[in-house]
Amino acid sequence: MKETDDDIFAQVGLGAMVLFIGTLFAITTSMYVMINQLEVVTQSTQKVISTTSKEAHTQIIFVGAWIDDSLDDYLFMIEYQSLGKEVNIDEVGWVLWCVDDADNHHRRMGYLGDPQASAQGAVIWEVGDTWDNEPEILESGKRYFVVTDGGTGTGPTGNGVQCGPKWIYDRGLTAYYSIYLPFGGQSTQDLTINEYGVGESVI
């Protein structure tokens with residue numbers, strides 16, 4: 001009888017040991033999976049924070065604006081600011097728009113790399129460089145001159161002179177010039193003319 005009891009106790013002990021080892025293995029495996037997932041989540045979070053921070057600090061600053069010709073062109077000076085992210089000028093959009101007294105909306109739009117018939121050379125060039133040397137990208141910390149044509153629609157010529165300097169001056173209107181970056185950032189400048197003349201500031 002005693003030998004039978006010993007066998008039963010031995011079997012129970014062996015089973016408990018197997019169960020204990022299995023439990024340890026399951027806990028170890030679970031901890032490995034949890035730690036691995038935590039590392040993945042942490043790395044993803046850091047990447048999202050880094051990307052969001054870069055995009056949040058990427059912007060266009062308007063430095064100045066002037067009447068560029070006697071018809072419908074503006075000349076802007078902008079500064080591109082970024083945490084190391086350059087953009088292709090063909091991906092940077094712009095819209096010149098205004099609303100007249102009859103509540104008609106007028107829009108002229110395009111990309112910084114698009115040609116404009118009224119520009120005497122490049123549409124955009126770096127400050128300090130020659131006006132016919134168009135860059136391919138905007139670099140952080142650099143300033144650029146940009147020629148913008150009034151009128152409506154797209155294309156090199158546009159239609160009419162709406163929202164151009166003379167047009168808004170004669171009507172006492174305010175126009176707006178917006179630049180849109182390819183990853184969502186945008187900047188808008190109000191355009192009001194108190195003194196009309198080529199070279200006069202636009203405020």
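Okay, let me start with a question: in E5, which residue is the bridge partner of Trp-94? It's Gly-110. Keep that pair in mind, since we'll come back to the strands around it.

First, what we're looking at. This is a predicted model, with a mean pLDDT of 81, and 72% of the residues reach 70 or more. The stretch to be wary of is residues 41-56, where the pLDDT is below 50. Beyond near neighbours in sequence, that stretch has four contacts in the model. And where pLDDT is low, the predicted coordinates shouldn't be read in detail.

Now the overall layout. We've got two helices and 10 strands, and reading along the sequence the pattern goes α-β-β-β-β-β-β-β-β-α-β-β. Of the 203 residues, 33% are buried. The exposed surface is about 12100 Å², with carbon and sulfur atoms supplying 57% of it. If you take contacts between residues at least 6 apart in sequence, 59% of them join residues at least 24 apart.

On to the sheet. Four strands make an open sheet, in the order E5-E4-E9-E10, with antiparallel pairing. The edges are E5, residues 105-111, and E10, residues 186-191; each has a single partner strand, so one side of each is left without a neighbour in the sheet. On average, neighbouring strands here are turned by 15 degrees against each other, ignoring direction.

Let's walk across it from the E5 side. E4 and E5 are joined by seven bridges, and that's where our Trp-94 and Gly-110 pair sits. The two strands form a hairpin with five residues between them, and Asp-103 there takes a positive phi near 70 degrees.

Next step over: E4, residues 93-99, is joined to E9, residues 175-180, by six bridges. One to look for is Trp-97, whose bridge partner in E9 is Tyr-176.

Then E9 to E10, again six bridges and again antiparallel. Ile-179 has Ser-187 as its bridge partner in E10. This is a hairpin too, with five residues between the strands, and Gly-184 in the turn has a positive phi of about 115 degrees.

Back to E5 for a second, and its two faces. In a regular strand the side chains alternate between the two faces of the sheet. In E5, the covered face has His-106, Arg-108 and Gly-110, while His-105, Arg-107, Met-109 and Tyr-111 are on the uncovered one.

So what touches E5 from elsewhere? One residue to click on is Thr-152, in the loop between strand E8 (143-149) and helix H2 (165-171). Thr-152 touches His-106, Arg-107 and Arg-108, and also Gly-158, Asn-159 and Gln-162. Buried or partly exposed, then, at 19% relative accessibility? Thr-152 counts as buried, because the cut-off is under 20%.

Last stop, Trp-66, over in strand E1, residues 59-67. At 25% relative accessibility, Trp-66 counts as partly exposed. Its contact list, leaving out residues up to four places away in sequence, includes Asp-73, Tyr-74, Leu-75, Phe-76 and Met-77. Phe-145 is on that list as well, along with Gly-199, Glu-200, Ser-201 and Val-202. Take Glu-200: it's 134 residues from Trp-66 in sequence, but C-alpha to C-alpha they're 5.5 Å apart.

That's my tour; over to you for questions.

Definitions and conventions
Residues are numbered from 1 along each chain as its sequence is written. This is a predicted model: local features need pLDDT of at least 70, side-chain atom pairs count only at pLDDT 80 or more; totals for chains, interfaces and linings use all residues. Side-chain values use heavy atoms; hydrogens and water are left out. Two strands pair if DSSP finds at least two bridges between them. Axes are lines fitted to C-alpha atoms, for helices over the stretch in contact, and angles run from 0 to 180 degrees between N-to-C directions. Buried means under 20% relative accessible area, exposed over 50%, partly exposed in between (1.4 Å probe, protein chains only). Contact means heavy atoms within 4.5 Å. Accessible areas come from the Shrake-Rupley method with a 1.4 Å probe; for residues, only the protein chains shown count as cover. pLDDT is the predictor's confidence in each residue, from 0 to 100.
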